[in-house]
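Please look over the sequence and the model shown here before reading on. The paragraphs that follow lead through the structure step by step.

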Amino acid sequence: MPGEAVGAGRRDCRRRERWVRGLQAIRASLQRELSWPRWVPTPRNRRFTEALRELDVLVHDIIEAHRTETGERHDLLSMLLSARDPKTGTGLDDVQLRNETITLLIAGHETTANALSWTFH
């Protein structure tokens, strides 16, 4: 239905906005030379903790959507979901999937941003 497509587009836009805000808060916290330990409830640490919590929810939603979708996909998350340990035959658990996904997304985001910054410098 056309209305559903519009609703899905709005959800995707809001999801992207939440993702970008989360990445910006995490990057700002990590780039600071001196900062309080994470357990000290400063405004910066609270923003960092909330951004990390938000990214966890987003990544979990993405992983769950991939698990429930039918059909063959050829993307990195699908490969991670189908990966098995050759000795035990077990796959990645949710924490491992979350860690791998966030690492790849943040690393890819930062690499691209840094390359573009140096290109236009």
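**A walk through the helices**

With a relative accessibility of 4%, Gly 22 counts as buried, because the label applies to any residue under 20% relative accessible area. The model in which this value was computed is a predicted one. Gly 22 is found in helix α1, and, when residues up to four places away in sequence are not counted, Gly 22 touches Ala 51 and Leu 55. Both of these partners are listed among the buried residues of α2. Another residue to compare is Asp 56, which lies 34 residues from Gly 22 along the chain, with 10.0 Å separating the two C-alpha atoms.

From this starting point one can turn to the chain as a whole. The chain holds four helices and zero strands, so that reading along the sequence gives the pattern α-α-α-α, a result of helices and strands being taken as DSSP runs numbered from the N terminus. Of its 121 residues, 18% count as buried. Among the contacts that join residues at least 6 apart in sequence, 49% are between residues at least 24 apart.

Helix α2 deserves a longer look. It runs over residues 43-68, which makes 26 residues, and it reaches 38 Å from its first C-alpha to its last, close to the 38 Å expected at 1.5 Å a residue. The buried residues of α2 are Asn 45, Phe 48, Ala 51, Leu 55, Leu 58, Val 59, Ile 63 and His 66.

Several of these names return in the interior. In soluble globular proteins, nonpolar side chains tend to be buried together. The largest nonpolar core of this model has 14 residues, and those with the most contacts inside it are Trp 19, Ile 26, Leu 55, Val 59, Ile 63, Leu 81 and Leu 97. Each of α1, α2, α3 and α4 supplies at least two residues of this core, while α2 gives the most to it, with six residues. Which residues does Trp 19 contact, leaving aside its neighbours within four places in sequence? They are Leu 55, Leu 58, Val 59 and Leu 105.

Trp 19 also takes part in the lining of the largest pocket, which has a volume of about 270 Å³. The lining is made up of Asp 12, Arg 15, Arg 16, Trp 19, Leu 58, Ile 62, Leu 76, Leu 77, Leu 80, Thr 101, Leu 104 and Leu 105. These residues divide into eight nonpolar, one polar and three charged. At least two residues of the lining come from each of α1 (2-31), α2, α3 (76-82) and α4 (94-120), and α1 gives the most, with four residues.

The walk ends around α3 and the loop that comes before it. Ser 78 has its place in helix α3 and is buried, with a relative accessible area of 16%. Arg 73, in the loop between α2 and α3, counts as partly exposed at 35% relative accessibility, because this label covers values between the 20% and 50% limits. Leaving aside neighbours within four places in sequence, Ser 78 is in contact with His 66 and Arg 73, and Arg 73, with residues up to four places away not counted, touches His 66 and Ser 78. His 66 is itself one of the buried residues of α2.

Terms used
Residues numbered from 1 in each chain as written. Predicted model: local features only at pLDDT ≥ 70, side-chain atom pairs only at ≥ 80, totals over all residues. Heavy atoms only, no water. Expected span 1.5 Å × (residues − 1). Buried < 20%, exposed > 50% of the residue type's maximum accessible area, 1.4 Å probe, protein only. 1 Å grid on protein atoms, 1.4 Å probe; cavity = no way out; pocket = protein on both sides within 12 Å on 5 of 7 lines; lining within 4 Å. Points joined across faces, edges and corners; volume = space filled by probe spheres on them. Nonpolar A, V, L, I, M, F, W, Y, C, P; charged D, E, K, R; others polar. Core = buried A, V, L, I, M, F, W, Y, C linked by side-chain atoms within 4.5 Å. Contact = heavy atoms within 4.5 Å.
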